[in-house]
Amino acid sequence: MTEDTFAGSNAVPSPSQPATPGPIGRSVIPIVNKLQDIFAQLGSSSTIDLPQVAVVGSHSSGKSSVLEALVGRDFLPRGSDICTRRPLVLKLVHFTRKQDASAGDMEEWGEFLHIPGNRFYDFSEIRREILAETDREAGGNKGVSDKQIHLIIFSPNVLNIILVDLPGITKVPVGDQPNDIEARIRTIILSYIKHETCIILAVSPANADLSNSDALQMARIVDPDGSRTIGVITKLDIMDKCTDARNFLLGNVIPLRLGYVGVVNRSQQDINLNRSIKDALANEETFFRRQPVYHGLSHCCGIPKLAKKLNQILVQHIRAVLPGLKSRINSQLVAVAKEHAAYGDVVESKAGQGEKLLNILTKYCEAFTSMIEGKNEELSTAELSGGARIHYIFQSIFVKSLEEVDPCEDVSDEDIRMAIQNATGPKSALFAPEVPFEVLVRRQIGRLLDPSFHLYTTIHSSFKWQLIQRLIGLLQNA
């Protein structure tokens with residue numbers, strides 16, 4: 001990843017510098033990054049699927065090590081249990097290192113979309129923020145959520161890539177995870193990889209049978225011909241003796257059109273000893289150089305080759321989907337412009353705004369009265385509406401509910417006698433006092449609460465959407 005030939009061929013200007021003409025990778029990927037941020041703020045109201053790379057793999061397959069190697073920094077949560085519990089949208093932005101910058105200058109940083117304006121120069125702080133934001137949404141006891149975390153990393157040592165780190169596929173629930181945790185995680189993964197605009201990065205360990213790979217199995221469901229799936233074979237250095245992954249990398253086992261890339265991960269001991277990723281990349285290069293079986297496969301071995309391959313494929317993919325993406329955005333812009341125009345001109349003064357609001361409310365009250373009295377111009381011939389509907393609900397539904405209520409239920413003669421005696425106090429009364437009557441009647445009237453509440457909900461549900469549609473029509477015509 002630190003090779004200047006890789007970084008320089010797809011470099012983008014620093015955000016503070018003006019953009020200059022160059023290859024498509026310089027301008028298109030940052031634009032898609034910006035669209036990602038905009039649509040993230042829209043939430044579920046956005047219906048446009050943007051090009052991105054989704055990282056899929058089972059728990060402990062080496063996904064985190066691959067992502068950290070691509071960035072060149074330790075910043076992802078680690079542990080023996082499931083760590084990625086929310087989708088992490090990771091945008092890598094390359095910028096050219098300043099020529100006059102000293103070695104001590106802070107030239108790499110991360111930014112989160114949920115705390116805009118804050119730069120994290122300490123990557124351990126990025127890890128803690130990912131953990132904290134995950135716990136805020138998914139709880140602190142291994143729960144899983146489908147809500148995204150957006151992280152942008154600016155560095156002169158990365159290529160422009162948009163990655164989505166998805167939760168690893170796990171079989172057995174732990175902590176607060178439900179019994180169907182595997183099905184839920186698979187549903188989250190499918191919600192990303194099912195879109196034609198998504199490139200699938202299927203991560204599988206080399207020390208397991210590739211035909212049993214959860215990542216490749218998920219990818220085959222939505223991409224049966226392997227036209228948008230890249231295979232990543234991890235842990236090549238811990239394969240059994242006298243075995244290798246050459247056939248995997250050549251696609252002789254499970255063919256993929258975009259091919260495979262083999263990588264060597266840091267071991268858990270390396271992580272515990274704080275071995276740097278730079279040293280790990282050097283060790284990876286040494287491993288492939290010393291293994292004769294991988295000679296001739298330099299184009300598909302190592303993290304730098306994976307970074308370059310991802311960048312090139314993503315740029316080509318964006319180039320292919322860009323016309324359709326532009327068309328969908330333009331059609332939505334036209335629809336929004338029409339809706340905006342329907343609301344009329346903007347009223348600047350407070351007096352004008354108050355007058356306009358009063359007119360809308362007056363028209364709404366008039367429309368409501370007309371609908372109740374049956375004087376609505378759009379009189380329905382298919383079903384009861386307005387006041388006729390209310391009359392039917394009172395006469396047919398509410399009356400039946402009242403008839404089912406026995407007014408004397410749970411009130412015995414002994415209850416009445418006891419209430420009268422308690423109301424008379426120490427003296428005998430010639431006539432029955434009013435207090436016990438009111439107490440007993442009030443208790444029985446309370447039994448009418450349920451039928452009355454049912455009446456209210458029935459009328460409310462019958463008129464809610466009609467009134468909302470009428471109000472929207474008045475607002476558009478205002």
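A cavity, on a 1 Å grid over the protein atoms alone, is a set of points where a 1.4 Å probe fits but cannot get out, and its lining residues have an atom within 4 Å of a point. Grid points are joined across faces, edges and corners, and a volume is the space filled by probe spheres set on the points. With these terms, a search of the whole structure finds two cavities of 30 Å³ or more.

The model on screen is predicted, so local features need pLDDT of at least 70 and side-chain atom pairs count only at pLDDT 80 or more, while totals for chains, interfaces and linings use all residues. Residues are numbered from 1 along each chain as its sequence is written, and side-chain values use heavy atoms, with hydrogens and water left out.

**The cavities**

Select Ser65, Ala69, Val264, Asn265 and Arg266, which among the 14 lining residues lie nearest the centre of the largest cavity; this cavity holds about 100 Å³ of space. Helix H3 (63-71) and helix H9 (277-290) each supply at least two residues of its lining, where helices (H or I, at least four residues) and strands (E, at least two) are DSSP runs numbered from the N terminus. The lining of the largest cavity divides into eight nonpolar, two polar and four charged residues, with Ala, Val, Leu, Ile, Met, Phe, Trp, Tyr, Cys and Pro counted as nonpolar, Asp, Glu, Lys and Arg as charged, and the others, Gly among them, as polar.

Move next to the second largest cavity, of about 70 Å³, whose lining residues include Leu76, Pro77, Cys83, Ile130 and Asp165. Its lining has six nonpolar, two polar and three charged residues.

**Strand S7 and its neighbours**

Now select residues 229-234, strand S7, where six of the six residues are buried (under 20% relative accessible area, with exposed meaning over 50% and partly exposed in between; 1.4 Å probe, protein chains only). In a regular strand the side chains alternate between the two faces of the sheet. In S7 both faces are covered, with Thr229, Gly231 and Ile233 buried on one side and Ile230, Val232 and Thr234 buried on the other.

Add strand S6 (residues 198-205), which runs parallel to S7 and is joined to S7 by six bridges (two strands pair if DSSP finds at least two bridges between them); Val203 has Val232 as its bridge partner in S7. Between S6 and S7 the chain passes through helix H6 (residues 214-222), in a right-handed β-α-β crossover. Strand S8 (residues 260-262) also pairs with S7 in the parallel sense, over three bridges, and there Gly262 stands opposite Ile233.

**Aromatic rings**

The structure holds seven aromatic pairs, in which rings of Phe, Tyr and Trp (its six-membered ring) have centres within 6.5 Å, planes under 30 degrees apart counting as stacked, over 60 as edge-to-face and the rest as tilted. Select Phe95 and Trp109, a tilted pair at 5.4 Å centre to centre with 40° between the planes. Because Phe95 lies in the loop between strand S2 (88-94) and strand S3 (109-112), and Trp109 in strand S3, the pair ties together parts that are 14 residues apart in sequence. Phe95 and Trp109 are both buried, and ring pairs link them with Tyr121 and Phe154 into a cluster.

**A last stop**

Finish at Cys408, in the loop between helix H12 (386-403) and helix H13 (413-424), which is exposed, with a relative accessible area of 57%. Leu440 is 32 residues from Cys408 in sequence and 9.8 Å from Cys408 in space, C-alpha to C-alpha.

How values were computed. A crossover is right-handed if, with the strands pointing away from the viewer, the path from the first strand over the helix to the second runs clockwise. On a 1 Å grid over the protein atoms alone, a cavity is a set of points where a 1.4 Å probe fits but cannot get out, and a pocket is an open set with protein on both sides within 12 Å along at least five of seven lines; lining residues have an atom within 4 Å of a point.
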